[in-house]
Amino acid sequence: MVKTAVLYASGFTKNTERVAKYIAKNSDGDSYDLKDITEIDLSMYQTVVFGTGIHAGKPYKQVAEFIGKNRGQLNGKDVKLFICCMYNDEKGSRQCSAVSKTLGIPDAVFFNKKEPEMNDKGFPKSVDDFIERL
Ligand SMILES: Cc1cc2nc3c(=O)[nH]c(=O)nc-3n(C[C@H](O)[C@H](O)[C@H](O)COP(=O)(O)O)c2cc1C
């Protein structure tokens, strides 16, 4: 049984998409681009990961809309959020908490390209730590 669904919306840099696909690949999961597909049957997934880039402090609307319409489907599942953003440290942390609250997903992390530790595939080490928790 496939365990993890990674649902994401990405902007023009495709950074979020790249991270979402890496997470799906390394967790035996499936990834879905919420800019292409808005109806997804999540019944076979135990874990649902949302990913979004940030513009002006806000997550992309496709992610907020999907979550708003699918609260029922998400009930009882392990739901997590990652955001791809340019802020780090305290500012990144505050932004992440605010977005997590807005979307109603407490288990949230943020990744940016300036993180000091990168793995050999060019992803922040924190992405691998996140995958470990899935
Ligand atoms: C117009 C614009 C606004 C942005 N606003 C923010 C912001 O408020 N906070 C932040 O941390 N990053 C901000 N960013 C950076 C992006 O969120 C970041 O580069 C992200 O990795 C983009 O991924 P994507 O192309 O997959 O959406 C902004 C980028 C753009 C182009």
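Biologist: What makes up the lining of the largest pocket by class, as nonpolar, polar and charged residues?
Modeller: In this predicted model, that lining divides into 8 nonpolar, 9 polar and 2 charged residues. The largest pocket is lined by 19 residues, and Ile 54, His 55, Cys 84, Cys 85 and Met 86 lie nearest its centre. Ile, Cys and Met count as nonpolar, so Ile 54, Cys 84, Cys 85 and Met 86 go in that class, while His 55 goes with the polar ones.

Biologist: Which elements give two or more residues to this lining?
Modeller: That would be α1 and β3. With 3 residues, β3 gives the most. As for volume, the pocket comes out at about 370 Å³.

Biologist: And where is the ligand?
Modeller: The space the ligand takes is that very pocket, the largest one. Around the ligand there are 18 residues, with Ser 10, Gly 11, Thr 13, Ile 54 and Tyr 60 coming nearest.

Biologist: Why is the pair between Thr 13 and the ligand called a polar contact?
Modeller: A polar side-chain atom of Thr 13 lies 2.4 Å from an oxygen atom of the ligand. The cut-off for N or O pairs is 3.5 Å, so the Thr 13 pair qualifies.

Biologist: What makes Gly 11 and Thr 16 count too?
Modeller: Gly 11 uses its backbone: an N or O atom there lies 2.7 Å from a ligand oxygen. Thr 16 uses a polar side-chain atom, also at 2.7 Å from an oxygen atom of the ligand. Both values are within 3.5 Å, so both pairs pass.

Biologist: How much of the ligand does the protein bury?
Modeller: Taken alone, the ligand exposes 640 Å², and the protein buries 79% of that.

Biologist: Which elements supply the shell around the ligand?
Modeller: α1 (15-25) and β3 (47-55) each give two or more residues. The largest share, 3 residues, is from β3. By class, the shell has 8 nonpolar, 9 polar and 1 charged residues.

Biologist: How do you know how the lining of the second largest pocket splits by class?
Modeller: Go through the residues that line it. Leu 34, Ile 40 and Phe 66 are nonpolar, Thr 38, Gln 62 and Asn 70 are polar, and Glu 39, Glu 65 and Lys 69 are charged. So you get 3 nonpolar, 3 polar and 3 charged residues. The volume of this second pocket is about 170 Å³.

Methods
Residues numbered from 1 in each chain as written. Predicted model: local features only at pLDDT ≥ 70, side-chain atom pairs only at ≥ 80, totals over all residues. Heavy atoms only, no water. Near = heavy atom within 4 Å. Polar contact = N/O pair within 3.5 Å; in protein donor to acceptor, adjacent residues only side chain to side chain. Areas by Shrake-Rupley, 256 points an atom, 1.4 Å probe, with all protein chains shown as cover. 1 Å grid on protein atoms, 1.4 Å probe; cavity = no way out; pocket = protein on both sides within 12 Å on 5 of 7 lines; lining within 4 Å. Sits in = over half its atoms within 2 Å of the grid points. Helix = DSSP H or I, 4+ residues; strand = E, 2+ residues; numbered from the N terminus. Points joined across faces, edges and corners; volume = space filled by probe spheres on them.
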